[in-house]
Amino acid sequence: MYSPQQRDFISVTLGNQAGRNYDNSKTWRRQSCWRKWKQLSRLQRSLISFLFVFMMFCGIAAYPSLSEHWKDTLYSVTAGDAQVKAFQDESHQDGELKQVKPAIVPAVDVPLPRAPPNTQPQKLRRPNPNKRGPPFLQNRLSKKENAEEPKINKKENEAEAIPNDKDEERNNIISWRRMEIEPERVTAALSDTKKEEKPLPNTNAKGTGALNERQKAVIEAFQHAWKGYKQYAWGHDELKPISKTYSEWFGLGLTLVDALDTMWILGQKEEFEEAKKWVINELNLGKNVDVNLFETTIRILGGLLSTYNLTSDKVFLDKASELGNRLLPAFSTPSKIPYSDVNIGRGTAHPPRWTSDSTVAEVTSIQLEFRELSRLTKEDKYQTAVDEVMKRIHKLGGKKDGLVPMFINTNSGQFSHLGVYTLGARADSYYEYLLKQWIQGGRKEADLLEDYLHAIEGVKKNLIRKSEPSKLTFVGELSHNQFSPKMDHLVCFLPGTLALGAHHGLTADHMELAKELMETCYQMYAQIETGLSPEIVHFNLSPHNGKDVEVKPADRHNLLRPETVESLFYMYRLTRDKKYQNWGWEILQNFNKYTRVGTGGYTSINNVRSPENPEPRDKMESFFLGETLKYFFLLFSDDFNLINLDQYIFNTEAHVLPIWIT
Ligand code: DMJ
């Protein structure tokens, strides 16, 4: 039992003495303390002395870090005060006091490097999962208002802000086998963005002011296409506008999801809301179905991520991460090169039935989406899986001057069917994604840039020729050292990609090549009877033949593909030459003339050489809404802030992803 007399601790009472008036006299305090001290036992006095010395010692030891902390606290409170005050002022405006925001530590703006300064692995800038709003908005907020943003180490930022001579040198010119990246060639738009505070980028037509006639024509075309889809194919993959029914590929509402961000950009609010409800209530990602990893990634995952980035509506991110998880089994292969097909319901993956190969373009054109998913979810696994593919392909033998074969084996991890090189089907977007990943990551990943530059040199050396008689520059193919003057319409992504690279600081001759190839892609439409390009053309190399462009009977179809319009969009944005808009306008009119179906929708056609009977194929591909119409709309817009190319990149299905601010 505890007895009040028995004390196993020392009590020191320093309070006022009862009954004595407190007069705050120093003499009284001195005398009183001394008396108290004398009354203490020796043990008590020693202990107090020891405690006193100990505390002094601790105080001296802790002084440096405490003073830092005090400085920081003072800094943050001071900086935050201005904003708290501003908020309080604002709060009072409507006459009532609102809750004051907590003190805010201002984040420091880290400039986007002008050239790839190092080869360090890319660090993701993790967003706060609870934060909403398009990425640029988030970055702006983080500067001023985001109290949860981790405080950036001041010293680190000072070091970045004041580069030493060597850093400056590295930032100015990077050599790659005698090739120079010249930052001064970065177009005015990029430099301007750094200098002045630009308004928030517009992400839909509502923010752009008046629409011009051509943009209105695109909206009308979209509404017509959507009308057919809604009436005859709602929730299914593709519209068959002639037979007024639908076709199913994966059973995931491919057209609907592919078109979400187009609706947003075109300002089709009602349609967007309706489609969003379908995504929430009907989109079943757990169904027992084999899907193609690449197509599902670029169209559905890309579509969901893009829509999330534009709208900040978390429902799209949730769906995207569910899909990302369901696609991951594709990467469980002996070589880490993913299988082409995955059953999203069962979580099993496999190559196509006839081979254990995957297509090179397919395994190297899923990176932008998986990397962005990692950034948004803070889960590394998506990025790790796709980065591994790029690392392996970077090191792989079997390339020719940076050009890759079309197939890769999922068991051995080696290229297969060596000796055929093309920028068309099965390889195209490998090149596109090298550049775009480099841009997405803040232009730091040197291997990507090196592979891209090497490949473009390989294209120039092995695949570029001029046709006769008009000397159109085109990209042919190489098969076991034999040149073929065959060019897929798919290759028409290249002028846009080259121009984008030049805009981000690569050499000016990329832009020159882009201009020449753009002219060629336009001629692939202009020289054809319907004014629409066939799927594949063969260029004439003989000075004695009359025409530059030849079309084989099997290649006369047009699938409403986007690549030429896509490149026209980049070329107009980056050169401001109106001829690109005019060329696009001609093409849109020809789509309306030969592919529009009266009852709703557009159809691919079998014969671009027959204006009398273009032979409708009865299918509207999802990319017509996801890509072609979106690029038309952006091409005709003179608001260069509508999906600003310094803040966003497009995936290969025209879905909008942010460039990371690193
Ligand atoms: C789209 O799915 C993508 O653009 C892909 O990169 C190539 N094929 C179609 C459009 O032609």
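1. In this predicted model, the ligand is surrounded by Ile298, Arg299, Leu490, Arg561, Pro562, Glu563, Phe623, Glu627, Thr652 and Glu653. The space that the ligand takes up is the second largest pocket, and two elements give two or more residues to the shell around the ligand, namely helix H10 (293-311) and helix H21 (622-636).

2. Several polar side chains can be followed to the oxygen atoms of the ligand. A polar side-chain atom of glutamate 653 lies 2.6 Å from an oxygen atom of the ligand, a polar side-chain atom of threonine 652 lies 2.7 Å from an oxygen atom of the ligand, and for glutamate 627 the distance from a side-chain N or O atom to a ligand oxygen is 2.8 Å. Of the 290 Å² of accessible area that the ligand has on its own, the protein covers 92%.

3. Turning to charged pairs, the count comes to 29 salt bridges. Side chains of opposite charge can pair when their charged atoms come close. One of these salt bridges joins aspartate 318 to lysine 314, with the closest N and O atoms 3.1 Å apart. Because aspartate 318 and lysine 314 are 4 residues apart in helix H11 (residues 314-327), they are separated by about one helical turn. Aspartate 318 has 39% relative accessibility, so it counts as partly exposed, and lysine 314, at 34%, also counts as partly exposed.

4. A salt bridge between lysine 460 and aspartate 509 has its closest N and O atoms 2.5 Å apart. This pair links distant parts of the chain, since lysine 460 belongs to helix H16 (residues 446-462) and aspartate 509 to helix H18 (residues 508-526), with the two positions 49 residues apart in numbering. Lysine 460 is partly exposed, with a relative accessibility of 27%, and aspartate 509 is likewise partly exposed, with a relative accessible area of 34%.

5. The side chains of aspartate 488 and lysine 486 also meet in a salt bridge, at 3.2 Å from N to O. Here the setting of the acidic partner deserves a separate remark: aspartate 488 has a relative accessibility of 6%, which means that it counts as buried, the cut-off for that class being under 20% relative accessible area.

6. Finally, salt bridges also link three residues in a network, and these are Glu273, Lys276 and Asp313.

Note on methods
Residues are numbered from 1 along each chain as its sequence is written. This is a predicted model: local features need pLDDT of at least 70, side-chain atom pairs count only at pLDDT 80 or more; totals for chains, interfaces and linings use all residues. Side-chain values use heavy atoms; hydrogens and water are left out. A salt bridge is a side-chain nitrogen of Lys or Arg within 4 Å of a carboxyl oxygen of Asp or Glu. Buried means under 20% relative accessible area, exposed over 50%, partly exposed in between (1.4 Å probe, protein chains only). A residue is near a molecule or strand if one of its heavy atoms lies within 4 Å of it. A polar contact is a pair of N or O atoms within 3.5 Å; within protein, one must be able to donate a hydrogen and the other to accept it, and residues adjacent in sequence count only if both atoms are side-chain atoms. Accessible areas come from the Shrake-Rupley method with a 1.4 Å probe; for residues, only the protein chains shown count as cover. On a 1 Å grid over the protein atoms alone, a cavity is a set of points where a 1.4 Å probe fits but cannot get out, and a pocket is an open set with protein on both sides within 12 Å along at least five of seven lines; lining residues have an atom within 4 Å of a point. A molecule sits in a cavity or pocket if more than half of its atoms lie within 2 Å of its grid points.
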